Amino acid sequence: MKKLALALAVSSVCALSVPSNSAIAASMETVEAKMTASSAAALARQDMYEAFGDKELKPGQYLWRDVPASAGDERVVVSLGDQLAYLYRGETLMAVATVSSGKTGHDTPTGIFTIQDKRPMYRSKKYDNAPMPFMQRIDDYGIALHAGFNPGEPASHGCVRLPSAFAKKLYTVTAIGTPVLIGA
């Protein structure tokens, strides 16, 4: 029942966040959106145990299982507290990976976002031309999901760094408009 309630809450928040102006629709950092994302992150940890058992991931590791496309649309849930990213297809957890989010002073934003831009190789315009393989930008300020160093703790300038192999696979199954929920 809790899963159904959360799914309805996420659906309604996402549905309400699709005004005609695509810049506004791209992200929601309201209190409600942050609460919804944090709830989704907490639920995702439980789903991980149900899907993959009692496994603890070390930095740079991920778990992936095949889920048919007919299960539904993809969405990404990031838990900043757990330093984990979860990929869902419909209501089914498909994958989980360790992440490295923004360090203090360069915090990763929380809320509900969508993938706005995707590039297989991109270089940061802000940070010394730093490579951002399998970049999937989620806001207008350069925050993205991408492959990068994954030390098991927050260490980025706000982006969500993913293990390289996971970032490559994630890149192939997401699209412009895929929801990304980032919770504390």
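Guide: Buried means under 20% relative accessible area, exposed over 50% and partly exposed in between, with a 1.4 Å probe and protein chains only. The model is predicted, so local features need pLDDT of at least 70 and side-chain atom pairs pLDDT 80 or more, while totals for chains, interfaces and linings use all residues. Residues are numbered from 1 along each chain as its sequence is written, and side-chain values use heavy atoms, without hydrogens or water.

Visitor: Why is valine 67 called buried?

Guide: Its relative accessibility is 10%, and the cut-off is under 20%, so valine 67 counts as buried. You will find valine 67 in the loop between E2 and E3 (strands, E, are DSSP runs of at least two residues and helices, H or I, of at least four, numbered from the N terminus). Its C-alpha atom is 8.3 Å from that of leucine 93, although the two residues are 26 apart along the chain.

Visitor: What makes tyrosine 62 and phenylalanine 166 a tilted pair?

Guide: Two values decide that. Rings of Phe, Tyr and Trp (its six-membered ring) pair if their centres lie within 6.5 Å; planes under 30 degrees apart are stacked, over 60 edge-to-face, and the rest tilted. Here the centres are 5.6 Å apart and the planes stand at 55°, so the pair is tilted. The whole structure holds 3 aromatic pairs, and Tyr62, Trp64 and Phe166 form one aromatic cluster.

Visitor: Which parts of the chain does the pair of tyrosine 62 and phenylalanine 166 tie together?

Guide: Tyrosine 62 belongs to strand E2 (residues 62-64) and phenylalanine 166 to helix H4 (residues 164-173), so the pair links parts 104 residues apart in sequence.

Visitor: Are tyrosine 62 and phenylalanine 166 buried or exposed?

Guide: Tyrosine 62 has a relative accessible area of 27%, so this ring residue is partly exposed. Phenylalanine 166 has 1% and therefore counts as buried.

Visitor: How do you know that arginine 75 lies over the face of tyrosine 88?

Guide: A charge sits over a ring if NZ of Lys or CZ of Arg is within 6 Å of the ring centre and within 35 degrees of the ring normal. Arginine 75 is at 4.3 Å from the ring centre of tyrosine 88 and lies over its face. Lysine 118 does likewise with tyrosine 171, at 4.3 Å from the ring centre.

Visitor: What makes up the largest nonpolar core?

Guide: Such a core is a set of buried Ala, Val, Leu, Ile, Met, Phe, Trp, Tyr and Cys residues joined through side-chain atoms within 4.5 Å. This one has 25 residues, of which Leu87, Leu162 and Val180 touch the most other members. Among the elements giving two or more residues to this core are strand E3 (74-79), strand E4 (84-89), strand E5 (92-98) and strand E11 (179-183). H4 gives the most, with 4 residues.

Visitor: What makes the phi of glutamine 83 worth a look?

Guide: Most residues other than glycine have a negative phi. Glutamine 83 has a positive value, near 55°. Glutamine 83 sits in the loop between E3 and E4 and, at 8% relative accessibility, counts as buried.

Visitor: Where is phenylalanine 134 found, and what is its phi?

Guide: Phenylalanine 134 is in the loop between E7 and E8. Its phi is also positive, near 55°, and phenylalanine 134 is not a glycine either.
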